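Q: I would like a close look at a single part of this assembly, followed by an account of how that part sits among its surroundings. Please keep the answer connected rather than in list form.

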Amino acid sequence: MVDVALWSGLRPLIGGRDSVAVEGSTVGEILTALRRDYPALGPTLDAGVSVVVDGRVIASSLTEPVRPDSEVVLMMRLKGG
Amino acid sequence: MSKLHVTTKINGDEVEFLCDPRETLLDVLRDRLGLTGAKEGCGTGDCGACSVTVDGRLVCSCLMLGAEAEGKEIATVEGIAEGEALHPLQKKFIEYAALQCGICTPGILVAAKNLLEKNPDPTEEQVRYWLAGNLCRCTGYDKIIRAVMDTAAEMREAS
Amino acid sequence: MALDSSKTTGFKYVGTRPDRPDGLDKVTGRARFGADATAPGMLFAAIKRSPHAHARILRIDATKALAMEGVKAVVTRADFAEGLTGENWNILENVMAGDTALYDGHAVAAVAATTALAARDAIKAIEVDYEILPHVTDVDKAMAPDAPVIRAGAADASVPEGLHPNVVRYHESGHGDVEAGFAEADLVIEDHFVTEATHQGYIEPHACLGTLGTDGKGELWCCTQGHWNVQKVCAALLGLETSQLRVTASEIGGGFGGKTAVFIEPVALALSRKANRPVKLVMTRAEVFKATGPTSSTSMDVKIGMKKDGTITAAQGTFRLQGGAFPGAPCEMTAMCAFAPYDLKHVKQVGYDVMANRPKQAAYRAPGSPMAAFAVESVIDELCKKLDLDPIDTRLKNASREGTRASFGPTWPRIGLVETLEAAKAHPHYSAPLEPGQGRGISCGFWFNHGGETSVSLALSEDGTAQIAVGTPDIGGSRASMALMASEVLGIPYEDIRVIIADTASLGYNEISHGSRVTYASGLATIKAAEDAVQKLCARAAAKWGIPEDAVYWEDGFAKPSGPNAGDFAPLPIAEITATMGATGGPISGHFEATPEGAGVSFATHIVDAEVDRETGSTKVVRYTVVQDAGKAVHPTYVEGQFQGGAAQGIGWALNEEYIYGEDGRLQNAGFLDYRIPVASDLPMIDTVIVEVPNPGHPFGVRGVGETSICPPLAAIANAVSAAAGVRMRQLPMRPSRILEALDSAADG
Amino acid sequence: MHYHRPATFEDAVALATGSEGVTRFLAGGTDVLVQMRADIVTPDTLIDIKAIPGTHEIARQEDGGWRIGVAVTGAEMREHAELGRDWPGLVEAMDLIGSTQVQGRATLTGNLCNASPAADSVPAMIAAGVTATITGPGGTRTVPVEEIPAGPGKTTLARGEIITALHVPPRGTEGGDAYLRFIPRTEMDIAVVGCGVNLTVEGDTITHARMALGAVAPTAVLVHAAEDALVGRTLDEDALTALADLAEASCNPIDDKRGTIKFRTHVAGVLARRTAKIAFDRAKGAAK
């Protein structure tokens, strides 16, 4: 299981917790698990998220590896100028 | 609306064209004569990207009618280099990275060349005010001003 | 053996300052920008736009226009694809209004004619009947209960219940307990800040030349930051197969984020399809201001608590962003960037994306971050002043660094904020004496940076030179950076490399040039493509020598046997391998296609001195220094240029630039005369210090530099002006009348 | 649109009188072409007066004054050393208009006839006492320039009338003029307030004074009371305060995107002081 920290705006959707634990060894698996285990997060995931893995912001690549002890933080998707 | 027949000289070459009386010199250069070096950034004389000289006088070609070119001598960015020899300003602009996107560069080169012809030894303030009508959004002007000042110094030494 | 050229020192080419490869084209006027293309039989187009801020379109009658001499086609919304959803629907709605015009300048119809003048005359002859609806252009008013609803149902799931329907997205993040943190503070300052919308102000108006046949095949030439995106969007809006539309990016006359969006290209293609001729469409400057994407305007509240020793105990911010008549204002970026420079135990940031009757905002250089920095860094400045603390020491005391927790959640990897603060403190500017009437301001700034989908192809020629095709338009000298990085890997001179921007049919997908990603991502892809080619070169040498491939290494343009065991062969120069490549296995090229995800963030610290004329409220920026982390400066001159350009744009934003709307909801200053971007005589020289804290996510340590440079200036200048005037400036732009008003009210108060 | 390039003012007047619809005269074109581009005005007839002999001349008159042709550009005025020595304020006012490029085309007469309340050269011309010769179907007349603008974009010129020359009075000895404007940037802006002052002195005593303000009323304002306030005294703090008060009292501005009523009124007072000081120093310098 990997702990995924969520931004505080999402906490009402997951019973007020600030993180959830899901199965997964890649960013894609984590996102799939989040969607499956926490359907309330669906619209947020659809709107686009970045996943920060050990300080690296993963904007779109689903194949990035995640270790069980990785620090994983969800972020709203980035857009630049 | 009949077209006007205009005879003029552009970068030393005799040129004839027909134009609508409403067309600006910039429209004529770009759309009728294929001289797209002068750019339209605003069409209202506020950005200087269309700068050319007319009888040696720096103007915005968007603020002059094509019809007014009759009998004049026009110089554009396309005429700055002589054959394969770049003008010192052109060389210095490349060397100093005095351009990023390059859209304002033709107008700035025409304006700066005109300045150095009138004043071979301008102060930084004079360069800045002379070029105040040439907007550049990329560089913050720093490298442009340095390139013009350094070209002036080099040209003074050479002469 | 996978080749890895990663290094952060010992460069031969990277870090030098050669002439840019496209320099000659750009100083002779021959570089072809968006409006410089022509095609046989080409028509000229013009767009009819709404003069109303909000109006139902009752009738569009083009009969008279179509009867005019030279007019070949008119298009309206009916000429575009139906049934679109999501972002494609939003883009189409913005490109050509449906049943409602949502802002002054919203396109409602377009004409193609044989001359530009004929097209301009024809749009005047198109009759449009409107029913005028109530409008709102201000962010706070758009959130108020009585505000007209721009579009019901536009809000997404993030928005809590009870907010006005114009609030369409919501962001909240942070950690700790801010109330507990404020209770620990010796001083808490809370203040309200306002910024106006500004425009990227690129000097080249949007322009394109499109050809589309009834067979669904098309060609498009346009100035854009991302031609694959244009391809994808145009295909969707016109109901085409993506691959049937080939898009070529022209030279681009500035973008700064504003050319990441699609505005006119689908219109030119629709007209072309209808007229069956190529159509050129070029915006006027007024159209650029009215109908492209400026920034959000903002209304912000920031509260920060500090101990006497300068420790920040808690920070909280609320950021309301007006994003025009569509969702998308970067409220989450504003919120997440706001406190990023600081290591905070208790922090909370809230962002609102609010619709109003204005053009759809577009990205502008670190979208959302500069405004946040203005509010946050102003409050920190005020705290330092009240507690008599040095502003750089205080920032150093609280600075984010490797291992601290970012305000938006994750733990920071190696970052360079502290290094920029230390360099700023050591810079002679920081300790230079000030003249009477002058004030000094400093500010930090932060931007995430981005990687994104990237493809690069590198082909070797028979003479040992290389051609590189990249897919990110060169906005400010990136061809030079790509060539330098390829030189470094291939070991061949910079001059032996030709870099082109490939069209959409000639290379794999490339994300838009945004997020300061070009030198990072296309650079990384160029390095990897060059490594791919080098690997093949080594293999050819190995085959020739009859030794294993991993017994060959590449150095300075030569294949060499890797030590005595590999055999004693004379180094084989690249040109000898490429001269015979056709006969030794075929052409040699290198590729890289991936989505690099290691874009390192970039921090900056700016120092500025400003002088205020207390009689007129006029401000002059007298000295400016930019200190920023570039990771590794590939071409330092162009890195300096990015620093200087960002600072200059920030100076304009801080002092004079703004969108001014009248009571009627119409834009009053849609031109360079009254939208006052800095001119040459407004600015001093802009000093730069390049800090290099290598980014572990790039082989050479590169961090994107384009955007961060605009983050600190708003606050730095506000802090300088506030110091010079002796009164806190909370609203941008700090135009002279606003400074005088502040001085007056300070005198009254 | 019909474009004409007459060779005489008589022909120009005949063309203007005989044409239908909207007629505009074209000198530098820095306003007319902008208005055409923005679809504010599309003339049916455009009469280019630059081929008329004498329109490009700056000529010293027998009385020591100057005759400035209607096609003389700002750049040509700036380069005319003698004119600049006599009337530095007038030349600087013209020079402040637009960019170097605009200076290559813009004219005093065009700036006057465009009738913008914010025209930089107009307060300087009014302060200097410039007059204009007007030719039209009804003959020729000469009027002070302050009588030409009638309101934003409007002049007192009748249909078919055209200005044929501007006349700047003799500078004489012991005189000086100055013009300052306030703009948010350093260049390229329209004046938020403009102020022209023209003084003559005997020693430290002011013998003649004219002040005009721009951008604070529908037309440039000649502050008549400035004469009484200054003549017979020196330019001390009291005189400057009186002048600033007069300037503020003469303002009848609007709130618009370029400035508020309050700001314009306040800055008019500031500029009155600053401009008068320069004019006074110049007058005293000339008297040496």
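How many residues lie between β20(C) and β21(C) in the hairpin that they form, and which residue in the turn has a positive phi?

A: The model is a predicted one. In the hairpin of β20(C) and β21(C), two residues lie between the strands, and the turn residue with a positive phi, of about 50 degrees, is Asp556(C). The strands themselves are short runs of chain C: β20 covers residues 552-555 and β21 covers residues 558-561, and they pair in the antiparallel sense over four bridges. Glu555(C) has Phe558(C) of β21(C) opposite it. The pairing continues beyond the hairpin, since β21(C) is also joined by two bridges to strand β22 (residues 572-573) of chain C, again in an antiparallel arrangement. There, Ala559(C) has Leu572(C) in β22(C) as its bridge partner. β21(C) thus takes part in two pairings, one with β20(C) and one with β22(C). In a regular strand, side chains alternate between the two faces of the sheet.

A hairpin in chain D offers a parallel case. Strand β4 (residues 58-60) and strand β5 (residues 66-69) of chain D pair in the antiparallel sense over three bridges, with Ala59(D) standing opposite Arg67(D) in β5(D). Five residues separate β4(D) from β5(D) in this hairpin, and Gly64(D) in the turn has a positive phi of about 95 degrees. β5(D) likewise has a second antiparallel partner, strand β10 (residues 162-168) of chain D, with four bridges between them. One of the residues involved is Gly69(D), whose bridge partner in β10(D) is Ala165(D).

Elsewhere in chain C, Asp381(C) belongs to helix α11, which spans residues 369-386. Asp381(C) has a relative accessible area of 10% and is therefore buried. Leaving aside residues up to four places away in sequence, Asp381(C) touches Arg395(C), Asn719(C) and Arg728(C). Its C-alpha atom is 9.8 Å from that of Ala718(C), although 337 residues separate the two in sequence.

Chain C also meets other chains. Its contact with chain B takes 54 residues from chain C and 46 residues from chain B. The area buried between the two is about 4,100 Å², with carbon and sulfur atoms giving 59% of that area. On the chain C side, Val27(C), Ile203(C) and Met685(C) supply 18% of the area buried against chain B, more than any other three residues. Five salt bridges cross this interface; among them is the one between Asp36(C) and Lys39(B), whose closest N and O atoms are 2.4 Å apart. The interface of chain C and chain B further holds 21 residue pairs in polar contact, counted with both residues at pLDDT 80 or more. Helices α1 (23-28), α4 (116-125) and α18 (636-655) of chain C each contribute at least two residues to the side that touches chain B. The largest share, nine residues, comes from α18(C). By class, the chain C residues that touch chain B comprise 27 nonpolar, 17 polar and ten charged.

The contact between chain C and chain A takes 33 residues from chain C and 24 residues from chain A. Here the buried area is about 2,200 Å², and carbon and sulfur atoms give 57% of it. Glu172(C), Pro410(C) and Glu597(C) are the residues of chain C that lose the most area to chain A, together 26% of what that side buries. Zero salt bridges are found across the interface of chain C and chain A, while eight residue pairs are in polar contact, with both at pLDDT 80 or more. The elements of chain C that give two or more residues to the side touching chain A are β7 (167-175) and α10 (331-338). Of the elements on that side, β7(C) gives the most, six residues. The side of chain C that touches chain A divides into 13 nonpolar, 13 polar and seven charged residues.

A further contact between chains involves chain B and chain D. Glu68(B) lies in the loop between β4 (57-60) and β5 (73-75) of chain B. Because its relative accessible area is 3%, Glu68(B) is buried. The side chain of Glu68(B) makes a polar contact of 2.4 Å with that of Lys50(D). With residues up to four places away in sequence left out, Glu68(B) touches Tyr3(D), Arg5(D), Leu26(D), Ala27(D), Asp48(D), Lys50(D) and Arg105(D).

Methods: Residues are numbered from 1 along each chain as its sequence is written. Chains are lettered from A and ligands numbered from 1 in the order in which they are written. This is a predicted model: local features need pLDDT of at least 70, side-chain atom pairs count only at pLDDT 80 or more; totals for chains, interfaces and linings use all residues. Side-chain values use heavy atoms; hydrogens and water are left out. Contact means heavy atoms within 4.5 Å. Buried area is the accessible area (1.4 Å probe) that two parts lose on being put together, summed over both. A salt bridge is a side-chain nitrogen of Lys or Arg within 4 Å of a carboxyl oxygen of Asp or Glu. A polar contact is a pair of N or O atoms within 3.5 Å; within protein, one must be able to donate a hydrogen and the other to accept it, and residues adjacent in sequence count only if both atoms are side-chain atoms. Ala, Val, Leu, Ile, Met, Phe, Trp, Tyr, Cys and Pro count as nonpolar, Asp, Glu, Lys and Arg as charged, and the others, Gly among them, as polar. Buried means under 20% relative accessible area, exposed over 50%, partly exposed in between (1.4 Å probe, protein chains only). Two strands pair if DSSP finds at least two bridges between them.
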